[in-house]
Structure formats: C-alpha cells, structure tokens
Amino acid sequence: MPLMFDHVYYTYDASSPLPSKAIEDIHFTLNEPFFCGIIGQTGSGKSTLVQQINALLRPTQGKVIVGEFVVDSSKKKMKEIKSLRKYAGLVFQFAEYQLFEETVLKDVSFGPKNFKENEEVAVEKAKKALKKVGIPEEYFSKSPFELSGGEKRRVAIAGLLAMEPQILILDEPTAGLDPKGAQEILALFYDLYQNGTSILLITHDMNVVLKYCTSVMVLHQGKLLGMYSPLDVFYQKELLSEAEIDAPDLICLVEQMEKKGFSLNRQNIRDIESFVAEIKKMKGEVK
Amino acid sequence: MKALPIGRYTNYDTFLNRLDARFKLLAMILFMVVVFIHFGSRAMDFTFYGLLMVMVLVFMRIAHIRIRQLLRAIKPMWFMMIFLLIINVLVVQTGEAFYIGDFPIHYDALFNTLYTFVRLILMLAFSLILTATTKPMDLTYALEWYLHPLTFIKVPVHIIAMVISLALRFIPTLLEEADRFMKAQASRGVDFENGKLREKVRAIISLIIPLFVSAIQRSTDLADAMEVRGYDPNGKRTRYRIMHFAKRDVLSLFFLLAFFGGMLALSICGIDFYAFIL
Ligand SMILES: Nc1ncnc2c1ncn2[C@@H]1O[C@H](COP(=O)(O)OP(=O)(O)OP(=O)(O)O)[C@@H](O)[C@H]1O
Ligand SMILES: [Mg+2]
C-alpha cells in the first residue's frame, strides 16, 4: 500500500499574528515496504512532515494518504484516528522523556493496551519488543527513571515496536546513543524492514542513509527538493550544497579515487565492508 | 501556543508597547479597581462597563490584538458562568421576580451573574492587553520596582523577582513540552479527548508524570548552571536595561490618574445621572 503526500502544506499557528510556514507543497508517493530516509538541515521541516502521517498535525492544505486512511485539513475529528496511529507508529525525537510507568515492562505494554489488547497479549508483545531492542530481562521490573539515557531511548522505542505498526516512523532515534548501540538499533530497523515493516527514518547521519535506506527525501526550508536513491544523492554536488548537507566521508573517498583514475562501481558501495569488497574485486582484476 | 489563556507578547512597535511597564502595571491595577467599584445605580454601573469596554476595544485596536483572542480567553468560562447562573437563581431570593411555571426567578440573580460575567471579561481583557504589550521580563522588573521599598523590612525582593521571572520564562517552555508529551503519548494510542473516566485519568497521568520529571530535571540543571556562573542570590546586582520614565509615561499617568480620580469621585458621591434625566 502506498504512503502518499498530495501537495501538503503545514503552517504553525496559522490563525495567530505570527504564523510560520513549516512545510510547503510536499508531494510524493512511497510504496510499501520502504526504508526511506529524510534528510535536511535543522528546521527544514522533517519533524513537521512526519507528524502529518499519524495526524498529530493535520495539513493546512492538501492531504496525506496512509494505507487506507486519509488525513486532510478538515477540522472534524477522525473516527479511525486510533487505527491510524496503530498503523503508523511514531517515535519522537528524545523519546526517552515519554516514559512514565512504574516499571519498564508496564511502560512498554502501555501502547498495546491502549489499542485494546488484553493484558497478557500486551505483556507478551512488550517482552518481545524489549528483547528486540536489547533490554535484558532483569530490567523489566526496574523503574524507567533508573535507567541511563540510552537505555531509556531503547525502552521508548520498544514501546512503539510493541504496537507492531505497519509503518514505523523514527525521528532521530540514534541521536545521543553510543556508536555500537546505534548500530544495533539500526540493524534492528533493517531487520524489521526485511520482515515487511516500512521504515521512515529522520537522521542527520549520512552514513546511515547510505548504508540502509532504499530511498531518501531531501528537505530544504520546508520544501521537498526530491526523492532520490541514496546511491545517487550523495554524488550530486549541487543538490547537496543547496540542501546544505555534507556527503559521507566514504563518498568523498570514492570520488577522490575516481579522480585518480580508479574505476569503482558506485552502485555497490554503501559502507566500509562493501567498499573493501569492491577494492578486492579491483585487485583481482589487476592481477 | 493555543492553550495560553493570556496574551503572548507580540513585538509590535505600538504606543502601548512603548509605554513603561511600571506605568502599565499600575494602570491595569487601577482599571481593575474601577471594574469592581459600584456607582450610584445599576444603570450607571453598566454605563461605565460599556465605557470601559469601549476603552478596551480601543486599546486592543492600538495593540493589534484581535477580538478573537479575547473570545478565546473567555471561552473556557462559559461553563462556569452557567453554573454560577444556576446557583444564583437558586440562592438569590430578593427583589422582584418573574415566574416560569411556579418557579420564581429573581432579577437580582440574573444581574448578579451578569455583573460577574462582565467583570471577568473586562479583567481578562485588561490582562490580555498588558501581557500582549509588555515583555514578561519588563513586568517582573516593574514588580520588583514596586516591591523595592519592602527591602527595608528585610523582604528578599530580588529573590522573589528572580523566582517570578524564571517561572515566567519557563511557562512557554513547559507548554511546548506538554504539547510534545501529548503528541508522544497520542502516538502510543492515548486519547486525550474521549474515553471513560478511568481512561481519562490514565491519559492525564501519562502526561503529568513526564512533565514533572522534566520540570524537576530542568530546575536542578538551571540551578547548577546559575551556580557555576557565580550567581549569588544575596549579591548586589546591576541591570543591563535601565527603565526610564518618558514624557509619554508622565502624560499617560496624568490622564490615568484623572480618569481614576473621576471614577472614584462618582462612585463615592453615588451620583446617578439617570436620576436627573428621568
Ligand atoms: N510548535 C511549533 N510552533 C511554531 N513553529 C514551529 C513549531 N515546531 C516547529 N516550528 C517551526 O517549523 C519549522 C520546521 O520545524 P521542524 O521541527 O519540522 O524541523 P526539523 O527539520 O525537524 O528540525 P530538527 O532537525 O532540528 O529536528 C522550523 O522553522 C520551526 O521553527
Ligand atoms: Mg525534528
């Protein structure tokens, strides 16, 4: 099923004396399952864009089609809003602050319970989700406020995983995590993607985009500059400078090597491992 | 923010914005006094309420405040007003009455409610005008200036002012945060609008606890940050911005005092224009 934005505009405080346009004329279609990255400078409208998807913000103009749900500018309350929020789960920037229950396990099962799962199923789902994000069992009965920042973040992510959304939207989920922890979490998202969940990932880490994403949206000052393949986008110097984004080091290295006369297959290079493999292949050819 | 009951400061360069905060604070207090005093008769009262309302509208026009903002501030009060009306009708049993069936409804009850209603609107309007045209910091400075004499009886005026200004400073932050937590919990399936009482309570808890935790966290962080930079609550402080009374403040003060004096005189003498006319 598609995720579709049909010329969506959103203005904060539209009726106040100080309205501020956050996104303008966003138009795209993504077919599920996708692993789509959203990149752009601070303030380019990434968080605003994703909040239209589960109707936390309703477009000032235009409409969003999420599976079988339609989010538009009408003031009416959406009847299916709960089902929509179960279908498209959103993990916020700094999600660790949303924890509030007495224990980790209770907090994670809070989501499924809200969607009318019975107690046992909810707890089961919570346990599964906590295992996935790598929270060991002895933490289940701890208070979420006793955990470290990184652990809290994992618990918060588990809180949405337990709802088993069809589209999982993540707003900078790895900001502030240690590199190893970040890698683990990203590998988890990739695993979910391969099992059919669609992932929409806001990130400032271009290496992540290059490595995992199947497509990437570039935002600049509230406008969508385009939807690209991550293997193309980082070679487009003009686009990057317009969006004020730096290409990952690996891409710069590949470009430098190409300048020096090496011929590499760009389409194969997504991370260090694939780069090394490509170099090895080249060595084989030379021999 | 949508839910803010009083006006958010808007940075227009109007006459009201330029007036000294100390004057505006005094003006608001005096206007509120006028709102609460009684004149010779009911007709007089409502005449002057009308006059005040016209003044309010003029001020709002000058300060670029829309009527809608005022209406929005009044909106939450409807319920209270209806409740008050019912209580009044049941309790007030004096004066003339008309009957619905056998049930007497006294005019006094209706007027009591109307008085409260009009006064509330006027008070809200004056505070809206004050907060929309005065920076919160300037208001605190003004307050500190008025409280200054209390330092002689060892009241820690400066500390109080600092606490107030910090609290004011963090209102928007807290509201922003509440908005964020609401969205985060809504994403987890919390419904803040519908649901049975039990669900409502849980919804509120899921909002309050993170808010408290982060507010406490924030305040300890802030205290540390202030201490690290050498803040001493008992130290003598100088000020970056010094407030000066300008000519317009003095002139405005003159008009204000004349208006207030006139009102007070009318009230005390209990003069009723309508008695002369009729
Ligand atoms: N609650 C709000 N009220 C008013 N304006 C807002 C609000 N939230 C965001 N904005 C404005 O909308 C624009 C887009 O903000 P948004 O949060 O979507 O950016 P972002 O791309 O997510 O940035 P970041 O990378 O820093 O998270 C910004 O200019 C911001 O000032
Ligand atoms: Mg953001």
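## Two cavities and a helix crossing

The largest cavity in this structure holds about 50 Å³ of space. Keep in mind that this is a predicted model. How do you even spot such a hole? Rolling a probe the size of a water molecule over the atoms shows where empty space is left. Counting cavities of 30 Å³ or more gives two, and here they are side by side:

| Cavity | Volume | Lining by class |
|---|---|---|
| Largest | about 50 Å³ | six nonpolar, two polar, one charged |
| Second largest | about 40 Å³ | four nonpolar, no polar, three charged |

Which residues line the largest cavity? Chain A supplies A:Phe92, A:Gln93, A:Phe94, A:Ala95, A:Tyr97 and A:Gln98, while chain B adds B:Arg180, B:Phe181 and B:Ala184.

Now for the second largest cavity. Its lining is made up of A:Lys86, A:Pro112, A:Phe115, A:Glu117, A:Lys125, A:Ala162 and A:Met163.

Let's hop over to a pair of helices in chain B. Helix H2 of chain B covers residues 21-36, helix H7 of chain B covers residues 136-147, and their axes come within 8 Å. At what angle do these axes cross? The crossing is at roughly 75°, so H2(B) and H7(B) count as roughly perpendicular to each other.

Zoom in on where they touch. From H2(B) come B:Ala21, B:Arg22, B:Phe23, B:Leu25 and B:Leu26, and they meet B:Asp138, B:Leu139, B:Ala142, B:Leu143, B:Trp145 and B:Tyr146 of H7(B). Sorted by class, this contact of H2(B) with H7(B) has nine nonpolar residues, two charged ones and no polar ones.

Conventions. Residues numbered from 1 in each chain as written. Chains lettered and ligands numbered in written order. Predicted model: local features only at pLDDT ≥ 70, side-chain atom pairs only at ≥ 80, totals over all residues. Heavy atoms only, no water. 1 Å grid on protein atoms, 1.4 Å probe; cavity = no way out; pocket = protein on both sides within 12 Å on 5 of 7 lines; lining within 4 Å. Points joined across faces, edges and corners; volume = space filled by probe spheres on them. Nonpolar A, V, L, I, M, F, W, Y, C, P; charged D, E, K, R; others polar. Axes fitted to C-alpha atoms, helices over the stretch in contact; angles between N-to-C directions. Helix = DSSP H or I, 4+ residues; strand = E, 2+ residues; numbered from the N terminus. Parallel < 35°, antiparallel > 145°, perpendicular 65-115°, else oblique. Contact = heavy atoms within 4.5 Å.
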